[in-house]
Amino acid sequence: MNSELSSLQEVEDIGEQGLLERLQRFCPPEIIGDDAAVLVTAPEQSLVVTTDVLVDGVHFSNVTTSPEDAGWRAAAANLSDLAAMGASPLGITVGLGLPGEVRVSWVERLYQGMTECLQKYNTSIVGGDIVRSPVITLAITAFGQVNPSQIIRRSAAVVGDAIVVTGVHGASHAGLELLLHPELGENLNNEEKTALIRAHQRPQPRLDVLPILQKILNSQSKIQNLKSKILVAGMDSSDGLADAIIQICRASNVGAVLERRQISFPAAFDHWLTPEEALKYTLYGGEDFELVLCLPQEPALALVQHLGEMAAIVGKITPGSTVLFHDEQKKFPDQVLSLSQGFQHFKS
């Protein structure tokens, strides 16, 4: 069969077994082939498991993402959840629901995008399943490992902790808006547009922060002669910066103050969005896949110093339950942050 005809093949033309045979090349041959994968964890490590379901038209579409980008984003979302727990990845499994008329080349490109993301973190697709579905659905389960003493939980924040945020927020949502409404970017140059769109299509899970964080925590423990580990609370910001801080505070039964002057905006926002729009994108945009961490002031300062422009202390944990946004320059009124302003499934 020539390459042109091959690229037009649909899933129903080759069937389940034919498609599985095509996709096996994206998996380690020594792991796949049996009814289940066997993953080996390091001694005295805890297994961390997370699952995400992504649906065509909700999480991705051919308007905003190529098949490769959809695959990358799907893998990155799961790796980000592992990073949020302090875990290093072991592998992922992929459950794929497909209409029969989807082209085989589209599926292969989807897996290529997942593989490109996973290879960056020495991770592989170790299994999965394929079924017929009226809509393209991608269900990924990721497996990781972590030393029990280094687990990051939402419920570990205490009053006085600094809130450390990696990266900038709002860029992914801005990129999505540019893809859906290109006319909105008239005030942006090509470099700025490309950077914002790439933030949406190719997010980077912050697994790179974990070894740096642990090195700093170990150093601080020795300096302070602590007998127990320094606890870190946190999660990723996949549903928005405000959402992450609120969720941590709820789980930890604490409040927080978020300082406007300490929050980094994408530089393009200055001459593109109004201050109110920029703030909304940054607090509630979502899908930036950065880390939001709560930890004592000294290790927090050390972490930010080490990461440089990649991180900032944006606030602190307080008594009570209110999560307050504060602008000491009075450009914005103080406001209580709420989950209702961000994205939620089933919200009308």
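This report walks through a strand, the nonpolar cores and the salt bridges of a predicted model.

## Strand 7 and its neighbours

Let's start with strand 7, which spans residues 255-259. There's not much of it left open: five of its five residues are buried. In a regular strand, side chains alternate between the two faces of the sheet. Here, both faces are covered. On one side sit Gly-255, Val-257 and Glu-259, and on the other Ala-256 and Leu-258, all buried.

Strand 7 has two pairing partners to look at. With strand 9 (residues 311-318), strand 7 pairs in the antiparallel sense over four bridges; Gly-255 has Thr-318 as its bridge partner there. With strand 10 (residues 323-326), strand 7 runs parallel, and four bridges join the two. On that side, Val-257 is matched with Leu-324.

## The nonpolar cores

The largest nonpolar core counts 60 residues, and the members touching the most others are Val-107, Tyr-111, Met-114, Ile-125, Val-164 and Leu-293. Who gives the most to this core? Helix 3 (residues 67-84) does, with nine residues.

Ile-125 is a handy place to look around. Leaving aside residues up to four places away in sequence, Ile-125 touches Phe-26, Cys-27, Pro-28, Ile-92, Val-94, Tyr-111, Met-114, Thr-115 and Leu-118. Apart from the largest core there's another one, made of 42 residues, including Val-165, Ala-174, Ile-246 and Ala-278.

## Salt bridges across the chain

Side chains of opposite charge can pair when their charged atoms come close. In this structure there are nine salt bridges. One of them brings together the side chains of Glu-287 and Arg-73, at 3.0 Å from N to O. These two come from distant parts of the chain, 214 residues apart: Glu-287 is in the loop between helix 9 (275-284) and strand 8 (291-295), while Arg-73 is in helix 3. Are the two ends buried or partly exposed? Glu-287 is partly exposed because its relative accessible area is 23%, above the 20% under which a residue counts as buried. Arg-73, at 5%, counts as buried.

Arg-202 and Glu-116 make another salt bridge, with the closest N and O atoms 3.0 Å apart. This pair also links distant parts of the chain: Arg-202 sits in the loop between helix 6 (190-201) and helix 7 (209-223), and Glu-116 in helix 4 (residues 104-119), 86 residues apart. Arg-202 is buried, with a relative accessible area of 14%, whereas Glu-116 is partly exposed at 31%.

## A buried pair and a network

What about Arg-206 and Glu-290? They form a salt bridge too, and their closest N and O atoms are 2.8 Å apart. The loop between helix 6 and helix 7 holds Arg-206, and the loop between helix 9 and strand 8 holds Glu-290, so this is a link between distant parts of the chain, 84 residues apart. Arg-206 is buried, with 8% relative accessible area, and Glu-290 counts as buried as well, at 10%.

Finally, salt bridges also come as a network here: Arg-22, Arg-25 and Glu-108 are linked in one.

How values were computed:
Residues are numbered from 1 along each chain as its sequence is written. This is a predicted model: local features need pLDDT of at least 70, side-chain atom pairs count only at pLDDT 80 or more; totals for chains, interfaces and linings use all residues. Side-chain values use heavy atoms; hydrogens and water are left out. Buried means under 20% relative accessible area, exposed over 50%, partly exposed in between (1.4 Å probe, protein chains only). Two strands pair if DSSP finds at least two bridges between them. A nonpolar core is a set of buried Ala, Val, Leu, Ile, Met, Phe, Trp, Tyr and Cys residues joined through side-chain atoms within 4.5 Å. Contact means heavy atoms within 4.5 Å. A salt bridge is a side-chain nitrogen of Lys or Arg within 4 Å of a carboxyl oxygen of Asp or Glu.
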